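Here's a quick briefing to read alongside the structure. It walks through core packing, then ring pairs, then the surface.

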Amino acid sequence: MTHKASLPSPPRRTRGIVLLVLAILGLAGAVFVVRRPLMMSAPACMAGRWHGCFDTFNGVVLLTLAGLPLAAPVVWALARRRRAVGDMAAWRISLAEVGMVYGTAPFLWMTLMPGGGAAGTVPARVSLVPLRDLATMGPIGIGGNLLVFAALGLFAPMRFSAFASVPRVLALGAGCSVLVETAQYVLRLDRVSSVDDVLVNATGAVLAALASRRWWRTTTEVVADRPHPAPAPAR
């Protein structure tokens, strides 16, 4: 019993591999569920046509999934460059940088798509009453809004110690969402600039930040424990 109690805990690399495998399996399962809608945009995307690919949600999601194998070498190259100068958190920082951009840009593209054929001609619409539009969003709409800045909330605290705080992540998600809603209003994209979108987007960023809290808290502690150079003696 004493021998069993003293067994070492699994190394971090093993836990990381297990989490990566689970993430891959989850992504593969999600792709399998939505495979038919995605395949509807495959011919237009393979032909490089704008209409039917870049201007549809299915086409953007398909291109994002197809580009995942290209994102991995970028992470590897950034991590290798940091490891060469002795950065012990090279892989985590590199993954956070690529994850923030790759996980946020497609959702921003989709939110700035025209909402209908009358974009640019209809007056801009605004909804400033909280919780009024949640009923009209539906489960898919709410889920999509939760994912808009989820990657930003997940990786920003891991990359920047200034965002290693739940209130700051909330402010980051809300501020970015306000900018998106403002752009929809100014560009008259035939969408409703709603305060509920801001609330749900910010909530998604916070939930994602809480999911990665173990890693960004470790990053904050490493930065805080790093020795600071002693001031030069006055001459």
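Keep in mind that this is a predicted model. Trp-109 is partly exposed, with a relative accessible area of 41%. That ring belongs to a cluster, which ring pairs build from Trp-50, Phe-54 and Trp-109. Away from the rings, there's a nonpolar core of 16 residues, the largest in the model, and a nonpolar surface patch that includes Leu-22.

**Aromatic rings**

- The structure has 3 aromatic pairs in total.
- One of them is Trp-50 with Phe-54, a stacked pair at 5.4 Å centre to centre with 25° between the planes.
- That pair counts as stacked because the cut-off for the angle is under 30 degrees.
- Both Trp-50 and Phe-54 sit in helix H4 (residues 50-54), 4 residues apart, or about one turn of the helix.
- How exposed are the two? Trp-50 comes out as exposed, at 52% relative accessible area, while Phe-54 is partly exposed at 30%.
- Trp-50 also pairs with Trp-109, this time edge-to-face: the centres are 5.7 Å apart and the planes make an angle of 65°.
- Since Trp-50 is in helix H4 and Trp-109 in helix H7, this pair ties together parts that are 59 residues apart in sequence.

**Nonpolar cores**

- In the largest core, with its 16 residues, the members touching the most others are Met-100, Phe-149, Leu-152, Phe-155, Ala-156, Met-158 and Trp-216.
- Four helices each put in at least two residues of this core: H7 (90-111), H9 (150-159), H10 (166-187) and H11 (195-211).
- H9 gives the largest share, with 5 residues.
- Which residues does Leu-152 contact, leaving aside neighbours within four places in sequence? They are Met-100, Thr-104, Pro-157, Leu-172 and Cys-176.
- There's also a second, separate core of 6 residues, with Leu-38, Ala-42, Ala-44 and Leu-62 among them.

**Surface patch**

- Ile-17, Val-18, Val-21, Leu-22 and Leu-25 make up a nonpolar patch on the surface, and together they have about 460 Å² of accessible area.
- Leu-22, one of the patch residues, is found in helix H2 (residues 12-33).
- Leu-22 is exposed, with a relative accessible area of 53%; the label fits because exposed means over 50%.

Notes:
Residues are numbered from 1 along each chain as its sequence is written. This is a predicted model: local features need pLDDT of at least 70, side-chain atom pairs count only at pLDDT 80 or more; totals for chains, interfaces and linings use all residues. Side-chain values use heavy atoms; hydrogens and water are left out. A nonpolar core is a set of buried Ala, Val, Leu, Ile, Met, Phe, Trp, Tyr and Cys residues joined through side-chain atoms within 4.5 Å. Buried means under 20% relative accessible area, exposed over 50%, partly exposed in between (1.4 Å probe, protein chains only). Contact means heavy atoms within 4.5 Å. Rings of Phe, Tyr and Trp (its six-membered ring) pair if their centres lie within 6.5 Å; planes under 30 degrees apart count as stacked, over 60 as edge-to-face and the rest as tilted. Patches are made of residues with over 30% relative accessible area and no salt bridge: like charges are joined within 9 Å, nonpolar side chains (Val, Leu, Ile, Met, Phe, Trp, Tyr) within 5 Å. Accessible areas come from the Shrake-Rupley method with a 1.4 Å probe; for residues, only the protein chains shown count as cover. A salt bridge is a side-chain nitrogen of Lys or Arg within 4 Å of a carboxyl oxygen of Asp or Glu.
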